[in-house]
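Here is a friendly walk through a few of the labels you might meet in this model. Each turn asks what stands behind a label.

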Amino acid sequence: MEIPSKYNAQSVENKWYDYWMQNNYFHSVPDEREPYTIVIPPPNVTGILHMGHMLNNTIQDVLIRRARLMGKNACWVPGTDHASIATEAKVVAKLKEQGIDKNDLSREEFLEHAWEWTEEYGGVILDQLKKLGCSCDWDRTKFTMDDDMSEAVIKVFVDLYNKGLIYRGYRMVNWDPEAKTTLSDEEVNHVEKQGLLYYLEYKIEGSDEKLTIATTRPETIFGDTAICINPNDERFTHLKGKKAIVPICGRVIPIIEDEYVDVEFGTGCLKVTPAHDENDKGLGDRHNLEVVDIFNDDASLNSFGMHYEGQDRFVVRKAISKELEEAGILVKTENHINKVGTSERTKAVIEPRLSDQWFLKMEDLAQPAIDAVLKNGDIKLFPKKFENTYRHWMENIRDWNISRQLLWGQQIPAFYYGDGKEDFVVAETIDEALKLAQEKTKNSDLKAEDLRQETDALDTWFSSWLWPMSVFDGIRNPENEEIKYYYPTNDLVTGPDILFFWVARMIVAGYEYKDEKPFENVYLTGLVRDKQRRKMSKSLGNSPDALKLIEEYTADGVRVGLLLSSAAGNDLMFDETLCQQGKGFGNKIWNAFQLTNLWEVADIEQPNSSKIALEWYEAKFQSVLVEIEDHFSKYRLSDALMSIYKLIYDDFCGWMLEMVKPAYQQPIDRTTYNKVMSIFEDNLKIVHPFMPFLTEDIWQYIKERSPEEALIIAKWPEAKPINETLISEFDFASEVISGIRNIRKQKNIAFKDAISFSVVNNENATTTFDAVISKLGNLESYDYVTEAVEGALTYRVKSNEYFIPMEGSIDVEAEIAKLTEELSYTEGFLKSVQKKLSNERFVAGAPEQVVASEKKKEADALAKIETIKASLASLK
């Protein structure tokens, strides 16, 4: 095979990915081997590859490729999530461009457009993952809206309803006025915003008295149904039992008493709007207050808003504050910072709203999931610090609002047979629903067309919480061969931002439906940030194009760059120079291979220097193998990569190849060459999970291989006893070699010129590496002496003193002249520093660190003068 002189990443990446796919290496079926399973955190079907995906999927691929090399039956299930809100928003926007209003379409018509959109764009992100080298079992690709997946979701809904865990309730919910749907608490981000506190005067009915309230939302006064005071607040005793008049709308409302009111906040008088604030709703329930909903579903005001009907809430806020000010009702405003709930998906400000919704009781379901992580350690979180976050969420869990006012998603399987709120049955099919409705109404004449299915869809997370089970058909067919073999899965790699949304809920579902954990370990990656620690986002324009990075730095280079910048569980500061470093590492390995390829092999005797070099590298490799195992066990993938990087860059390329390299135009002995290539293959195995393309390419060039011998399915190197003595002896020898190289460099002694070398061996260092030192130092002799060698250049390693005779090595006269000049300059410099330090005004007045810096300069100059004088003495 002709080996190209330069590595061409683009053609290599396409070639080997196609080869892996053709040979079905990624596909897994149950067999006698130990399974190793990862399910992908399904990216939104609307998504494209960004830096977070790149990091997350690189980590998963490293784990899956390593498991494959370790002889496990590795199965990585890919797929996408239908992402109700995000996808529906994109489809609505596309329809809008075509002049079509979603509201003019039937559910079936809208879903046709949604499926069309999904088919056109849905596979984009999965194809992009292939460019990164991800070795997913593509035959198993799942989509949360696949028929079998939807069937599993509906089955679970019906089951939980029949267990009394799902109910329909009229509750205060988080309303997203842009997506026009409810959201769960976890889908709301609370963002600090600068706003105003408005002080408004309300008249007391039947008197000239007034009271003042403070509100951040003057537009909601149309929904006020009471004023509340604290019964213990003596300032307002005179208001007890009276009524107030709401400005503008003139509604007469009671003044109620409740200890909920904070006497320290605002004015101590609280306006109560039960339809638009959760705490006010609680007050309203306790005091039987009227509930007046003033908003439409897009957060514009309805007819209760009077002359503001049809206007957006924020437009009304400005307009009504002006109207109230002109009427003398707005007393003053103050700047006020408060936390505003915003939709995670649309970024719209959330509106608290009373609504009929479907809920899942979570308290009892959550207990096994709390125990699994926090008590018995069945599931481990990496890093461990996230256990506190998990505890906080799970121990303060609330019922999950699982209904969404969307068309895209699994339609809730509730069927109404009458006009009442409770006139419904829950069933998997319309036929089952009809039977139940006939039984419930005792009306056998009821027909399927008399039933109306609930229009709400289920929350997207209600399908993805079943993911580790449903991808193996474990809900519909709980005893099938695949779920029994692959479940529980091994590792889950995801972001801490969905620890509750997804991870905790999967654990809940796992214990409810399999009575078993869904995975053993959860590795929570950090967020990818830029060098200024800013989160990467399109709006900031600081997120590089993932595919362009791959094009520029190679897929392997980008994978290495991402992992070099990623410390376990901490946010990573992404820097493109690390991808350049990754690409450079690939070039280093390629060039090392090119070097071995240039050697001519002959049946000659193996030099002792090569024999000992190979034994040393074997020991070093084994020691790093143990390090790598430890790092992987703790999910410190960056540390594992760094150990491999140093081993190959420094020990293999920097030292070992130099030690065994034949002399110029001389052949290498066959024993050494074969061992070097065997070592090279072991190196490729441990790098392969991180750099799959480059390593497979070199592996296939080393020798002709059948598909059964491909690197992707090779065997991870075996652990063997470690010769620690050899490692420490080489560490000492490498310092000796570095000393020779430094002197050659400083004194311009050409490497081709062999030199004599002597040592006073005070350390009793072994002679193991003498042949290596002689070769790498180009020594003509290596003598052990008991006395210092006169007229020689010298250096120390620990207490050993090494000597290189100057005779014939350097021009003594030129060296004396150079050292004399250097001595003269250093003595002059010392005088100027000492002059400064003898100046009392300078020492007393200068900052402490400046004086300390000058004292250090003095000490350094004194030490340097002593060294120069010693060198001069040895030359004369």
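Q: What makes the span of helix H8 (residues 313-326) close to the expected one?
A: In this predicted model, H8 has 14 residues and reaches 20 Å from its first C-alpha to its last. The expected span is 1.5 Å times one less than the number of residues, and for H8 that comes to 20 Å.

Q: Why are the buried residues of H8 said to be on the same side?
A: Arg313, Val316, Arg317, Ile320, Ser321 and Leu324 are buried, that is, under 20% relative accessible area. These residues cover an arc of only 130° around the axis, so they sit on the same side of H8. This fits a general rule: an α-helix has 3.6 residues a turn, so residues three or four places apart point the same way.

Q: Which residues are exposed on the other side of H8?
A: Lys318, Lys322, Glu325 and Glu326 are exposed there; the label asks for over 50%.

Q: What makes Asp312 a cap for H8?
A: A side-chain oxygen of Asp312 lies 2.9 Å from the backbone nitrogen of Phe314, at the N-terminal end of H8. A polar contact needs N or O atoms within 3.5 Å, and the 2.9 Å in this pair meets that cut-off.

Q: Why are strands S6 (181-183) and S16 (400-401) called edges?
A: The open sheet runs S6-S5-S14-S16, with antiparallel pairing. S6 and S16 each have a single partner strand, so one side of each lacks a neighbour in the sheet.

Q: How do you know that S14 (residues 351-360) and S16 pair?
A: Pairing takes at least two bridges, and these strands share two, in the antiparallel sense. Leu360 stands opposite Trp400 in S16.

Notes. Residues numbered from 1 in each chain as written. Predicted model: local features only at pLDDT ≥ 70, side-chain atom pairs only at ≥ 80, totals over all residues. Heavy atoms only, no water. Helix = DSSP H or I, 4+ residues; strand = E, 2+ residues; numbered from the N terminus. Buried < 20%, exposed > 50% of the residue type's maximum accessible area, 1.4 Å probe, protein only. Arc of directions from axis to C-beta. Polar contact = N/O pair within 3.5 Å; in protein donor to acceptor, adjacent residues only side chain to side chain.
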